[in-house]
Structures are given as structure tokens and as C-alpha cells.
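Let's take a walk through a protein model together. Have a look at the sequence and the 3D view, then read on.

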Amino acid sequence: MQNYPYVITISSEKGGVGKTTLATNLAIYLKAMREDLPVTILSFDNHFTIDRMFEFKGQKTGKTVNDLLMGEKAASLVHTGQYGVGYIPSSTELGEIHERFKGPMTLTRLMAESGLSGIVIIDTRPDLNILTQNALYAADRVLIPIKDMPSLDNCKNIFALFDQRGIDKKSLVLIPCLIDSRIKFDGMFKDLKTLLRAFAANRGYRCMDTHISKSPKVESLNTNPDGKIYPILTHARWTEVHNQFTEIARDVLRSLDTTPESRSCLYARWLAEKEDKKKEAFQARLEGLAERCLICGASLTEQPQERGFYYETSDRASRGFLHSDCFADMLCATLYGMTSDSQAFGAARIVIAEKAAKMISVLAPRSADGGYQMDFRQFDIAGQQHFQKDFALTGFAEGEFDRINDRLYLLLNESLAGYEGKLREGSWLAVHPVDTRNPEMVLNDECYRTIHQVHARIGEQLAI
Ligand SMILES: Nc1ncnc2c1ncn2[C@@H]1O[C@H](COP(=O)(O)OP(=O)(O)O)[C@@H](O)[C@H]1O
Ligand SMILES: [Mg+2]
Ligand SMILES: [Zn+2]
């Protein structure tokens, strides 16, 4: 799993259950127990516990977790901090980022593209906002601290989120935290952790074998004259919490070792496959293109830089490129009866060509009274109509050329021909301007999708 991290998210809607203590100390234990394992920690909360704990005095840190969420590669944001733990500095600006985080899988993708290895630990805010949700779905393991019945009750919201998305809930593990071992009960449930564990089991929640005891020593670690936060490993080694963290870290390492491919790794593969499919689709579109300009009949490979327009029929059966000049000349003739020897041809052609280079030209022939009528329109790229002209296609039905429209007839016959010399009923032809330096770009997934969106809008307007 080189370059794909195993992600652990610590989450609970309740504050004060020990999330941050668990996240930070787990990072330290993992690193201490396996020196060569990269461990990185980051927080979606707006306090700076992580920074206070891991930052070396005077360490220069510029970018934060905010930059990660804006799309910067995680590996470039990690600082090696104290105890050998890597951290991404916290940010107070995450509140505004919600808007961009509409999708629940964005962080999974960012982890897949992070370039990080080893373990990433994510501490979250005490709510289930979109960032927390992203952190939940990105995780190979979600640790949910519970300290009492209300926090146990709250777990159901996390489980419900996984149900809604149809994600396997086996990554979710509860862990009893801040357990006061002095509290004893009579009867079957002799203490708090046994009671919480029994309730969890009753609801079908998986619970970790280890719990974390409440310890005054641990509580005191973030209150001291230096304003520092000390780790349990270095400052509370003789407490039972130390042994419990050792157990938890061991448990995490076991599941890391038995996970052949982390979620980020699987997601990266899925992304690559999607990318391959896009490439294939692009290739297939390229292969479906006509080899010649349907107006002049010349092969398009000879002067490829002249390809200025892309045409596609509404039924997608025919598509290809047209020479810039061929299409402009054709429009001059068709719309205004102008040929190169007409008066003021040059000036008129410039205007017509400029307009065609900005608009989507639509040619919709219709059969009427045994002949054909042309409905010509121009739309802007949003599908808003700007121009319309009707004219008769004289002689077209009979297969005769009328000189002025010869080129148009060729184009229509080649692209819209149907059965027995008739045109395909209801089909029309759209001609899009393309970038002559890279006409094929129009066949990219995104461009191609936009074309079909605007075709749908045009189709609605033609039908009226
Ligand atoms: N095992 C523990 N024993 C005693 N106090 C603890 C323990 N773990 C955490 N605390 C204290 O409980 C408070 C809340 O812990 P914290 O980790 O910040 O929770 P959260 O991140 O869920 O809000 C802090 O003051 C912390 O020092
Ligand atoms: Mg916290
Ligand atoms: Zn041509």
C-alpha cells in the first residue's frame, strides 16, 4: 500500500468524550511501536491541540488542512513534528469550506491522491457536518468514543449515515472512554464499561475489547505552567491508561497488517479505471468521426489545421469536422445567396464567419408538400436562440442541385440521409465551432456532455 494511507477517523457527536486525546496519543503510540511506519495526524476541529502537541518550537508552518481541502496534495502539507509524528497544521477557516464539500466522497479521493503512506489519523468536530461525513467515509477504521448512555445513543446517527450510503459498517468500532473504575454496580453489569459494552452489543454495535480509564493524571496533561500538552507515553507511563493505549495501538496495527488494500488504495484503482473508460470512450468517439469534410469532400487528414467546426446529428448517427472555409462559404450561399463573385462578398463573409464561430448553427430540414423546407437557427452556447430563417430547399427532394445550395445538399445528404433517398425524419444537424488548434477536445467527456446538454435544450425549442 505504498502511497496509499490507511485512514483512522475519530468521531462522536458528543464533545468531551476523549476524541482528541485518543487521536493525538494513538498517533504517538503507533509511531513508538513501529518506528518505520509513517503516521500523520490532522484535525477538522478549530482548536489547535494537534499543533500545540506536535509542533516543534519555532517550526515554520504556512499551509494548513484548509489547503488540503482546497485540493493540495496532502504529502506536500505534512510537517514532521515531535515524537516523529507528521501533522498537517490546523485551520480556523474550515467553516466556510462547507460549500465546496457537497460530495461525501471528496476526502476519500483526496486521500487516494494524497501520496501519503502508513496511517492517517483524522480528529473531527463533535458533529456530523459534511467534513465529518467525508472523514467517516474515507476511513478504514472509525473509532467512536463513548463514555455514557447519551454518547452511546448518539452513535445511531453515524450508523444511519452508513446505512444511507450503503457502506459496510464493519469499519465502525466503539471504544468506552473516560471510564471511572470506582463506579460499581450490583448484579450482572458490575461496572460502567461492562454496562456500556452490553448496551452496545444489544444494538449490534461492535465494541473494542480495550477501554480507556478516567485518570486524573491524564486529565492534568494539558494543564501545566508551560501551556503544553504532554503525551501519555512520556508523562503518564505508570497509569493503566498507558497499557490501554498500548493495547489499542496493537489492535490498530493488527488491522492495518490484515488489510491488503486500504480504502484510499481501492478508490485510487477505481478512479484509474474510470479514467481508462473515459479514454476508451474518447477513442471510440474519435473512431466514429467522418474522414472527410462533408462539404468539399476532401480528406481531413490532409489539412488538419483547417478543422474549424464539429457537426453532429441530433440522433448522434453522424459526426465529424468541417473546414472553416467550407462552412462559412456554405452559409453565405445558403442564407444570402452569395457566392464568391457576389458584390461585397468579402465583408459579408467576415460577418457570417464570425457569427458562426461563436454560435451553434442548427440545420433542421423538414418535409412539406412533397418537398423540403429548411429551418435554420443559431443558438448561443447556453442554448438560447439568436437567429432563425426558413427557406425552401428547391429541387432537393428530387435529387437535383440548384447551384446556390449545392454544398448544403451534399452536407444534408451525407449526414442525414435515411431510407430510400429520404432524410431521417425529425433529425437535425448541429454545427459547433471548435478550437482549430485542438478540435478533438470537443470529444472530451466534459465538452461532449455539455454538447448533449445544449442539444437537449435546442431539441425542445425545435419541437415547438
Ligand atoms: N482518560 C482520561 N482521563 C481523564 N481525563 C481525560 C481522559 N481523556 C481525556 N480527558 C479529558 O477530557 C476532556 C475532553 O477530552 P478531549 O479529548 O478533548 O475530548 P473531545 O475531543 O471528544 O472533546 C479533556 O479535558 C481531557 O483532558
Ligand atoms: Mg476534540
Ligand atoms: Zn471542406
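## Two domains

Before we talk about domains, a quick word on where their limits come from: domain bounds are taken from an automatic or database domain assignment. Keep in mind, too, that this is a predicted model.

For the protein chain, that assignment gives domain 1 (6-272) and domain 2 (288-463). How far apart are the centres of domain 1 and domain 2? Taken over C-alpha atoms, they are separated by 60 Å.

## A covered strand

Now find strand β1, which spans residues 6-10. Is this strand mostly covered or mostly exposed? Mostly covered: five of its five residues are buried. And that goes for both faces, with Y6, I8 and I10 buried on one side and V7 and T9 buried on the other.

So what does β1 pair with? One partner is strand β5 (residues 119-123), joined to β1 by five bridges. These two strands run parallel, and Y6 has I119 as its bridge partner in β5. Another partner is strand β6 (residues 141-146), which is joined to β1 by three bridges and also runs parallel to it. Here, I10 stands opposite L143.

## The nonpolar cores

Here's a handy rule of thumb: in soluble globular proteins, nonpolar side chains tend to be buried together. In this model, the largest nonpolar core has 78 residues. Which residues have the most contacts inside that core? They are L26, A27, I121, I144 and L174. Helix α1 gives this core its largest share, seven residues.

Let's zoom in on I121. If you leave aside its neighbours within four places in sequence, I121 is in contact with I8, A23, L26, A27 and I41. One of these, I8, is a buried residue of β1, while L26 and A27 are themselves among the residues with the most contacts inside the core.

There is also a second, separate core of 38 residues, and F321, I360, W428 and V442 are included in it.

## Around ligand 1

Finally, turn to ligand 1, which has 16 residues around it. Which of them come nearest? That would be K19, T20, T21, V218 and E219. Two elements give two or more residues to this shell: α1 (19-33) and α8 (216-220). The largest share, three residues, comes from α1, the helix that also gives the largest share of the 78-residue core.

What kinds of residues make up the shell? It's a mix: six are nonpolar, seven are polar and three are charged.

Note on methods. Residues are numbered from 1 along each chain as its sequence is written. Chains are lettered from A and ligands numbered from 1 in the order in which they are written. This is a predicted model: local features need pLDDT of at least 70, side-chain atom pairs count only at pLDDT 80 or more; totals for chains, interfaces and linings use all residues. A residue is buried if 20 or more other C-beta atoms lie within 10 Å of its own, exposed if 12 or fewer, and partly exposed in between; C-beta atoms are placed from the backbone. Helices (H or I, at least four residues) and strands (E, at least two) are DSSP runs, numbered from the N terminus. Two strands pair if DSSP finds at least two bridges between them. A residue is near a molecule or strand if its C-beta atom, placed from the backbone, lies within 6 Å of it. Ala, Val, Leu, Ile, Met, Phe, Trp, Tyr, Cys and Pro count as nonpolar, Asp, Glu, Lys and Arg as charged, and the others, Gly among them, as polar. A nonpolar core is a set of buried Ala, Val, Leu, Ile, Met, Phe, Trp, Tyr and Cys residues joined through C-beta atoms within 7 Å. Two residues are in contact if their C-beta atoms, placed from the backbone, lie within 7 Å.
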